[in-house]
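Biologist: I'd like a close look at one strand in this predicted model, with its surroundings filled in afterwards. Could you walk me through it?

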Amino acid sequence: LLVTDPLRVGVVGLGRLGRIHAENIKNRTRALELVRVADTLEEVARSAAAQLDVPWSTHFDDVLCDAEVDAVVIVTPTPLHASMIEQASAAGKHIFCEKPIAQDIESAKQAVEAAQRSGVQLQLGFHRRFDPDWAAAMRRIEAGELGQIYFFRSTLRDMEPPSLDFLRDSGGIFFDMMIHDFDVARWMVGEVIEITACGAAIADPRVAEFNDVDQGIAVLRFANGALGVIDVSRSAGYGYECATEIVGSRATVRIAHGQRFNVEWLTPGASTTDYAAGFLERFPQAYLLELEDFAAAVRDGRPVRVNGHDGIGALNLAIAADRSRAEKRAVPVAPIQ
Ligand SMILES: NC(=O)c1ccc[n+]([C@@H]2O[C@H](COP(=O)([O-])OP(=O)(O)OC[C@H]3O[C@@H](n4cnc5c(N)ncnc54)[C@H](O)[C@@H]3O)[C@@H](O)[C@H]2O)c1
């Protein structure tokens with residue numbers, strides 16, 4: 001019998017997703033142990049800590065100074081990610097950080113270099129790579145079963161948008177939402193060399209006040225010759241939906257199934273199914289599996305499966321898409337040095 005110690009972690013940022021990461025670590029795995037939590041809002045930190053039965057703090061520094069903490073899980077607002085990666089690196093803590101890694105390439109590079117210099121692991125929160133459906137499809141793609149890839153299509157729709165306060169800090173739809181599909185595109189098909197994107201602020205025109213949109217489309221040209229289309233919506237209304245399709249010379253793969261249950265309800269002349277209401281409901285396994293895989297990488301001293309370079313690669317595509325939308329033209333994607 002091989003017994004390994006869990007990776008001891010502190011979770012910082014206890015909002016929509018941070019709370020889920022903390023609950024997963026506390027209650028649903030033996031690969032990680034929740035040592036402490038932090039949030040600048042005292043009431044948020046205090047109530048999460050009471051529920052999870054761990055010490056709390058309003059300062060990230062308290063997590064970094066805790067010798068019991070091997071790794072930090074960063075789930076704070078996006079503008080803080082890069083600097084928190086740097087601080088955690090300096091403190092010698094391994095890092096799991098939510099997407100996007102940063103909002104500009106220079107900060108992202110500095111963060112990745114800081115982690116490398118300190119010899120700590122850095123994994124980005126592209127959870128879809130760990131979802132059993134996407135992972136199963138990818139295993140067959142890696143085995144060559146698609147043949148030559150012709151076409152990539154990916155869709156991400158929220159039922160309703162997050163708060164305006166969240167959106168204001170999010171970096172915009174390409175950085176916050178489509179970044180997941182950019183990662184899937186790079187992972188499943190390969191590097192993208194050109195992007196043409198557009199967007200519209202229709203469902204809630206107030207997002208235009210901070211130069212954002214709530215519907216977005218991007219057309220991709222991949223280095224291997226394949227084409228791609230991504231469409232994202234903040235406000236699909238009917239439910240949360242996330243789907244990817246890849247057409248190849250030998251096969252086509254479709255990943256969808258956003259239904260809450262695998263039930264179709266048939267009545268005269270109609271058929272209905274339930275949809276998941278949001279990402280937390282659609283991806284419960286992925287949010288747990290990504291953390292367990294991070295812990296395994298740290299434990300075994302092997303590379304993480306979504307590294308800092310992947311964080312920069314997806315960010316680079318978001319920047320190109322945003323520029324394409326602003327300048328109304330196809331934008332070549334500059335390779336990252
Ligand atoms: N992978 C995914 O599917 C996914 C889903 C949702 C959010 N996210 C990412 O997770 C991050 C958080 O998103 P959210 O929806 O949970 O946001 P949120 O606004 O609900 O929560 C953020 C929390 O961080 C706290 N906070 C702010 N500054 C802090 C600081 N300096 N130290 C400690 N805590 C601080 C806030 O008080 C808040 O409780 C974002 O970067 C977002 O892009 C990823």
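Biologist: How many bridges join E5 to E6, and in which sense do these strands run?

Modeller: There are 3 bridges between E5 and E6, and the two strands run parallel. For a residue to hang that on, take Ile-95, which stands opposite Leu-122 in E6. Bear in mind that all of this is read off a predicted model.

E5 has a partner on its other flank too. Strand E4, residues 71-74, is joined to E5 by 4 bridges, and this pair is parallel as well. Here the residue to click on is Ile-74, whose bridge partner in E5 is Cys-97.

Now look at the faces of E5 itself. In a regular strand, side chains alternate between the two faces of the sheet. In E5, which spans residues 94-97, His-94 and Phe-96 sit on one side, with Ile-95 and Cys-97 on the other. All of these are buried, so both faces of the strand are covered.

Zooming out, E5 belongs to an open sheet of 6 strands with parallel pairing, in the order E3-E2-E1-E4-E5-E6. Its edges are E3 (56-57) and E6 (122-124); each has a single partner strand, so one side of each lacks a neighbour in the sheet.

There's a second sheet to compare by eye. This one is open too, with 7 strands and mixed pairing, ordered E12-E11-E7-E10-E9-E8-E15. The edge strands are E12 and E15 (331-332), and because each has a single partner strand, one side of each is left without a neighbour in the sheet.

Start at the E12 end. E12 (residues 252-255) pairs with E11 through 4 bridges, in the antiparallel sense, and a hairpin of 3 residues connects the two. Within that pair, Glu-245 has Arg-254 in E12 as its bridge partner. E11 itself covers residues 241-248 and is mostly covered, with 7 of its 8 residues buried.

On E11's other flank comes E7 (residues 149-157), again antiparallel, this time over 8 bridges. Thr-155 finds its bridge partner in E11 at Ala-243. Then the sense switches: E7 and E10 (residues 227-233) run parallel, joined by 7 bridges. Phe-152 is the residue to look for there, standing opposite Gly-228 in E10.

Finally, the ligand. It sits in the largest pocket, and helices H1 (16-27) and H4 (81-90) are the elements that contribute two or more residues to the shell around it. That surrounding set counts 25 residues, with Arg-16, Asp-39, Thr-78, His-81 and Tyr-287 the closest.

A few polar distances are worth displaying. From Asp-39, a side-chain N or O atom lies 2.6 Å from a ligand oxygen. With Leu-17 the backbone is involved: one of its polar atoms is 3.0 Å from an oxygen atom of the ligand. Tyr-287 places a polar side-chain atom 2.6 Å from a ligand oxygen. As for cover, the ligand on its own has 840 Å² of accessible area, and the protein covers 86% of that.

Technical notes:
Residues are numbered from 1 along each chain as its sequence is written. This is a predicted model: local features need pLDDT of at least 70, side-chain atom pairs count only at pLDDT 80 or more; totals for chains, interfaces and linings use all residues. Side-chain values use heavy atoms; hydrogens and water are left out. Buried means under 20% relative accessible area, exposed over 50%, partly exposed in between (1.4 Å probe, protein chains only). Two strands pair if DSSP finds at least two bridges between them. A residue is near a molecule or strand if one of its heavy atoms lies within 4 Å of it. A polar contact is a pair of N or O atoms within 3.5 Å; within protein, one must be able to donate a hydrogen and the other to accept it, and residues adjacent in sequence count only if both atoms are side-chain atoms. Accessible areas come from the Shrake-Rupley method with a 1.4 Å probe; for residues, only the protein chains shown count as cover. On a 1 Å grid over the protein atoms alone, a cavity is a set of points where a 1.4 Å probe fits but cannot get out, and a pocket is an open set with protein on both sides within 12 Å along at least five of seven lines; lining residues have an atom within 4 Å of a point. A molecule sits in a cavity or pocket if more than half of its atoms lie within 2 Å of its grid points.
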